[in-house]
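Reader: I am new to this structure. Please take a close look at its aromatic rings and how they pair.

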Amino acid sequence: LAPKGAYVNQFRHARVDFLPCIRQNLETGEVVNEVKSPSTCYFNPAAMVMGFNVLDPMLSDTEQIGVRMNINRDPSCQVLLRRLLQLVDISKAKLDQLESQGTMIDADAKEKSMEKILVLFEGVFLYLSSRTSDFQKRHLAELAKKPFIPCKCRSGSGLTFYTAEQVFFLKRQSEGASRGDSIAELLFQQ
């Protein structure tokens, strides 16, 4: 049953749900236990941050089980990009829903929702940064024109998604250090 083994083509359980897996509910952050097939899960627990099913770490050796069951370690780049854009769409819909409720929802609830989205995307970007060597130029070209980076502007306008070329990273300064306006800060919205 090993990859490229003599019986790999006869292994018909790739679509049968029998593996104990966990998945992070992206709305609540809770870990959900599920039973999934080898073709619908991964064995790298870091993929869970994007809502993918991963083998339950309570199993003795998830890497060995993953290799023997022909489970992918991580989602492919195409799957990752598709999930990233789904997360953007879901987050935008959540923000639009909050805006449409207007005064019916208090400012604290809006702030908590925006903070959840920022924390979610921080985890997503940390995971994606561990996979940078897997991406090719064509993958990144697809992403170049899409606003996928959430930013909370200082102007108080809420949370907005930007393209990669619209964002710059400001170096954090230590507490008590004076802060002068750089040209980049003056040119870009914060």
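Author: What follows describes the aromatic pairs and the residues that form them.

This is a predicted model, in which local features need pLDDT of at least 70 and side-chain atom pairs count only at pLDDT 80 or more, while totals for chains, interfaces and linings use all residues. Residues are numbered from 1 along each chain as its sequence is written, and side-chain values use heavy atoms, with hydrogens and water left out.

A search of the whole structure gives 4 aromatic pairs. Rings of Phe, Tyr and Trp (its six-membered ring) pair if their centres lie within 6.5 Å; planes under 30 degrees apart count as stacked, over 60 as edge-to-face and the rest as tilted. One of the pairs is Phe121 with Phe161: the ring centres are 5.7 Å apart and the planes stand at 70 degrees, so this pair is edge-to-face. Phe121 belongs to helix 3 (residues 107-129) and Phe161 to strand 5 (residues 159-162), so the pair ties together parts 40 residues apart in sequence. Helices (H or I, at least four residues) and strands (E, at least two) are DSSP runs, numbered from the N terminus. Phe121 and Phe161 are both buried, where buried means under 20% relative accessible area, exposed over 50% and partly exposed in between (1.4 Å probe, protein chains only).

Phe125 and Phe148 also form an edge-to-face pair, with 6.1 Å centre to centre and 70 degrees between the planes. Phe125 is in helix 3, and Phe148 is in the loop between helix 4 (137-144) and strand 4 (149-152), 23 residues apart. Phe125 is partly exposed at 27% relative accessible area, whereas Phe148, at 10%, counts as buried.

Ring pairs link Phe121, Phe125, Phe148 and Phe161 into a cluster.
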